[in-house]
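Please open the model in your viewer and keep the selection tool handy. We will go from stop to stop, and at each one I will say what to pick and what is there.

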Amino acid sequence: MFEAVIGKRSKKILNIVERGAVKKFAEAVGDPHPLYFNIEFGKKSRYAANITPPTFPQVFDYGTVEGLRLPEAGLIHGEQSFVYRRPLRVGEAVYGYTVVESYVEKPARSGKLGFLTLKRVGEDAQGEEVFHSRSVIILTEAVRRGMADA
Amino acid sequence: MKLGDLKVGDVLPPLRWPPVSRLDLIKYAGASGDYNPIHTIDEAAEQAGLPGVIAHGMLTMGRMGKLFSPYFEEGFISSFSTRFTGMVFLNDEITMTAKLVAKTDDVLTFQVEAVKQTGDTAARATVVFKLYDAMD
């Protein structure tokens, strides 16, 4: 049902790794490590800077893929992964975009389940990848029926 | 303790979280920008057929990061992949464990689990931790 958008990507969006946002995020996940937001601690670390928690890229804007329609309710987050070349530093610029990677349907007890995989990429100002993530979103039969009716 | 000194089969100090509160979920919604109301508003959760609000899977994954943040002077997480295997409700008590399952000169692979007080698993993750010294 997503055939038309498989392989499509969004335009790159500029994000800045904001110090306040990193602190708020670290506190919200219960991991207020000084490496994330204490300036002195960061300077003395091997990074000579503060870095972000590993799941922080969730807050970035990765743009919207033209033609990708998802229901507002009923989506299940099945899997999530992050792959890093290096940690992200507070203050740096990240250019984010989304790629619709795949969609498969598999039989389950409650009818067929749909698995949509979105890849998100974060690049530096030179266009080098710093990280990418993959989200697997599960769509139940009821949710897909709702989409077909819409 | 240094991660590089661990042997396959060793575990990190486990994390025991206080019972999940609504405020935990509101704070994570605000910090992450994920305002899906099934995580914060009872009526929305009930409309979705849930017995009550459920925690963001990404809150559980985010909390898993705390197992490793004490060691970022030694290396970094190069890969972190999680499967969300069970829903987390208000007042659930989550314990997180990490076990070293594979080791090369510069790469440590951990199996991470978030288990509820019921014994059910909420999430399972694989964390690949790259050591700097071996890379230099």
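## Starting with two helices of chain B

Select α1(B) and α3(B): the two helices pack with their axes 10 Å apart, at an angle of about 90°. Angles of 65 to 115 degrees count as roughly perpendicular, and α1(B) and α3(B) are therefore roughly perpendicular to each other. Before moving on, show the side chains at this contact: D24(B), L25(B) and Y28(B) come from α1(B), while M58(B), L59(B) and R63(B) come from α3(B). This is a predicted model, so please read every stop with that in mind.

## Across to chain A

Keep α1(B) (residues 22–32) selected and add α1(A) (residues 19–28); their axes come within 9 Å and cross at roughly 150°. That angle makes α1(A) roughly antiparallel to α1(B). The crossing of α1(A) past α1(B) is left-handed.

Which residues meet here? From α1(A), pick K24(A), F25(A) and A28(A); from α1(B), pick K27(B), Y28(B), G30(B), A31(B) and S32(B).

Now colour the buried residues of α1(B), which are D24(B), L25(B), Y28(B), A29(B), A31(B) and S32(B). What do the buried residues of α1(B) pack against? They pack against α1 of chain A together with α3 of chain B. Step just past the end of α1(B) and you reach G33(B), which takes a positive phi of about 85°.

## A tour of the rings

Next, show the aromatic side chains. Over all chains, a search of the whole structure finds 11 aromatic pairs. Zoom in on F68(B) and F110(B), an edge-to-face pair with 5.2 Å from centre to centre and 70° between the planes. F68(B) lies in the loop between α3 (57–64) and β2 (75–84) of chain B and F110(B) in strand β4 (residues 107–116), so the pair ties together parts that are 42 residues apart in sequence. Both F68(B) and F110(B) are buried.

Then select F76(B) and Y132(B). Their ring centres are 5.7 Å apart and their planes are at 25°, so this pair is stacked. It links distant parts of the chain, with F76(B) in strand β2 of chain B and Y132(B) in helix α4 (residues 132–135) of chain B, 56 residues apart. F76(B) and Y132(B) are both buried.

Stay on Y132(B) and bring in R46(A): the charged end of R46(A) sits over the ring of Y132(B), 3.8 Å from its centre. For another such arrangement, go to K23(A), which lies over the face of F37(A) at 5.4 Å from the ring centre.

Finish the rings with a cluster. F25(A), F56(A), F60(A), Y62(A), Y84(A), F131(A) and Y28(B) form one aromatic cluster. You have already met F25(A) and Y28(B), in the contact between α1(A) and α1(B).

## Two last residues in chain A

Select S133(A), in strand β5 (residues 129–139) of chain A. Is S133(A) buried or exposed? At 2% relative accessibility, S133(A) counts as buried. Beyond its neighbours within four places in sequence, S133(A) is in contact with Q80(A), S81(A), F82(A), L118(A), K119(A) and R120(A).

Now pick A48(A), in the loop between α3 (39–44) and β2 (76–84) of chain A. With 54% relative accessibility, A48(A) counts as exposed. Leaving aside neighbours within four places in sequence, A48(A) is in contact with G42(A) and K43(A). As a closing step, draw a distance from the C-alpha atom of A48(A) to that of G63(A): these are separated by 31 Å, with the residues 15 apart along the chain.

Note on methods. Residues are numbered from 1 along each chain as its sequence is written. Chains are lettered from A and ligands numbered from 1 in the order in which they are written. This is a predicted model: local features need pLDDT of at least 70, side-chain atom pairs count only at pLDDT 80 or more; totals for chains, interfaces and linings use all residues. Side-chain values use heavy atoms; hydrogens and water are left out. Rings of Phe, Tyr and Trp (its six-membered ring) pair if their centres lie within 6.5 Å; planes under 30 degrees apart count as stacked, over 60 as edge-to-face and the rest as tilted. Helices (H or I, at least four residues) and strands (E, at least two) are DSSP runs, numbered from the N terminus. Buried means under 20% relative accessible area, exposed over 50%, partly exposed in between (1.4 Å probe, protein chains only). A charge sits over a ring if NZ of Lys or CZ of Arg is within 6 Å of the ring centre and within 35 degrees of the ring normal. Axes are lines fitted to C-alpha atoms, for helices over the stretch in contact, and angles run from 0 to 180 degrees between N-to-C directions. Angles under 35 degrees count as roughly parallel, over 145 as roughly antiparallel, 65 to 115 as roughly perpendicular and the rest as oblique. A crossing is left-handed if the near helix is turned anticlockwise from the far one by less than a right angle, and right-handed if clockwise. Contact means heavy atoms within 4.5 Å.
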